[in-house]
Amino acid sequence: MGGAAGTLFTPIPWKLADDSSIWSQNWSWIPRLKSGAVTADATYSKLCSAGCAVKVKKVGGLAFGVKGNADNALSQGGVCPLCANGAQMLRSPARVAGPLKKDGSAFKAISWDEAEALLADKLKGLKGQSGKVAAISGDGSGTANEVLSGFLAGLGSSAYYYMPSDQTTMAKAWNGIMGGSGQIGYDLEGADLVLCIGADIMDAFGPTVRNQKAIAAKRPIEGDKTVTLLYAGPVRTRTAAVADTWVPVSPDGGAAFALGLANLLIKSGKGASLGGFGEFAELAAKFGPDAVEKAAGVKTEALMTVAKALLMAKNPVVVVGSGSGQGGGVALAAAGVALNALLGSLTVLPEFPKAVSHAPDRSGLLAKDVVAWLADVDAGKAPTPEVLFVYEANPAYALPQAAAMAKTLDKAGLLVSFSTYMDETAALADLILPAPHPFERLDDAQSPYGLGKATYLLATAVAAPEKDCKSTPDFILGLAGKLGVDLGFGAFEDVLKAKVQAIGADWDALAAGGAFVSDRKGSAQADLGASALAKA
Ligand code: SF4
């Protein structure tokens, strides 16, 4: 009895329990919260191609969060869930810690010097052999593409491809079959009616945060609505959900619907100054209301209502694309250009001058078809690359028929992934040369697709490197030097400085989070390309 009472009232067991809980939480490897000044550094996010302005929040210099940059006229302080978690992605367990070389079915760590020597050795025997060195890029806006595609050109290869997207589909239509130059833009800020055919502008098309802000500004919760939003597509997307009218269109019916609208506009007296108008009008005339109902499942009354709304609007804009943002049909893209031309709403953004002078033109590269090329490689109609670089892309996961595409990628003699994370393509690669997380590196964006004005943005390193990564264009510039390929620069920062100077922008203002926006318009000279459109 006395022993039990003594045990109960002695402080020793409670003290021991308290001490052991303190000691067991006091090991050196347990993460500690930083203390210090809280700051927010402005940059542009390249976590996706939209290029939203963000501020990376830091405490004691350590990034812990992201918020939108309210000073920016495009994204106006907004961020989507991906960027909101951008700081956490800096320390993702899926990050590649440093250069890795495939060793059997596993990877072994190598140094950057070893990686450079290995690649230089492999590439020197491939110089001048067409198609033996190839690259796939998922970055539709960065000057890093000039470095990579210029490097390939210096090795004698033109096998540079972009991942499929709404941007590449439009490039195939505008820069390809219609023969236009520059990039198609969409002036949502100036529109009083926006008709989206397929393009899910609120969730998946182009700079979604800017799209949401541009539409929301004209549709206040209280007050007058000054823009009408119409959506035509097969799925009730986010855009369809908030649109004034959703016109259901059969999955392959977007182009027929657009041509049906073009036919009604032409019949009501609209014309376009683009070449081949007569031929286009003949093609559109085949898409009368009955033909549209058959091809697109849209009743005559719904077609007429949309056409009337377009005719009555002062500044209508038609945005075409796919619900997924991965690029719809080329015919729909071309029909969208024609509709905007008929409505007097065609916006063409000029290309900014190149920094790497002998890099191929961006619009020409965007118009190429990576899926068709890989199919040709698989069928033996195009050379199998001895070295295949993959930059900012995960084609083994994201291409259509991904499993078959992954098998073709695996045929490359040396598959080199520059992925920041261990994604499906990196896992397949022979060499992984990890790029820094977008907040850890210097990068840029030229007119992210979907904007209405030519815009240039600079992303600066606002977070300390968490891993042994290297900027991909810097690595390529070093490799080019070893192989005697003269790109005119030794460091990517110098490439970007030359770019900024050629554009006439201010480096310091851009580095502080500002955007360079030009009112300059690109040439709208092109052909409506009816014969190619009819086949597309
Ligand atoms: S849409 Fe904007 S906020 Fe979202 S990931 Fe892309 S850049 Fe970041």
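I started with Thr 43 and found it in strand 1, which covers residues 38-44. I'm working from a predicted model here.

Next I asked: is Thr 43 buried or exposed? Its relative accessibility comes out at 1%, and the cut-off for buried is under 20%, so Thr 43 counts as buried.

Then I looked at what the Thr 43 side chain reaches. I got the backbone nitrogen of Thr 460, at 3.0 Å.

I also pulled the contacts of Thr 43, leaving aside neighbours within four places in sequence. Thr 460 turns up there too, along with Leu 458, Ala 459 and Val 462. Cys 52, Ala 53, Val 54 and Val 56 are on the list as well, and so is Phe 439.

New topic: positive phi outside glycine. Gln 76 has one, with phi near 45°. I placed Gln 76 in the loop between strand 3 (62-68) and helix 3 (81-84). How exposed is Gln 76? Its relative accessible area is 37%, which lies between the 20% and 50% cut-offs, so I noted Gln 76 as partly exposed.

Gln 401 went on the same page. Its phi is near 50°, again a positive value in a residue other than glycine. Where does Gln 401 sit? I found it in the loop between helix 17 (395-398) and helix 18 (402-410). For Gln 401 the relative accessible area is 64%, and exposed means over 50%, so Gln 401 goes down as exposed.

To recap my three entries: Thr 43 is buried, Gln 76 is partly exposed, and Gln 401 is exposed.

Key: Residues are numbered from 1 along each chain as its sequence is written. This is a predicted model: local features need pLDDT of at least 70, side-chain atom pairs count only at pLDDT 80 or more; totals for chains, interfaces and linings use all residues. Side-chain values use heavy atoms; hydrogens and water are left out. Helices (H or I, at least four residues) and strands (E, at least two) are DSSP runs, numbered from the N terminus. Buried means under 20% relative accessible area, exposed over 50%, partly exposed in between (1.4 Å probe, protein chains only). A polar contact is a pair of N or O atoms within 3.5 Å; within protein, one must be able to donate a hydrogen and the other to accept it, and residues adjacent in sequence count only if both atoms are side-chain atoms. Contact means heavy atoms within 4.5 Å.
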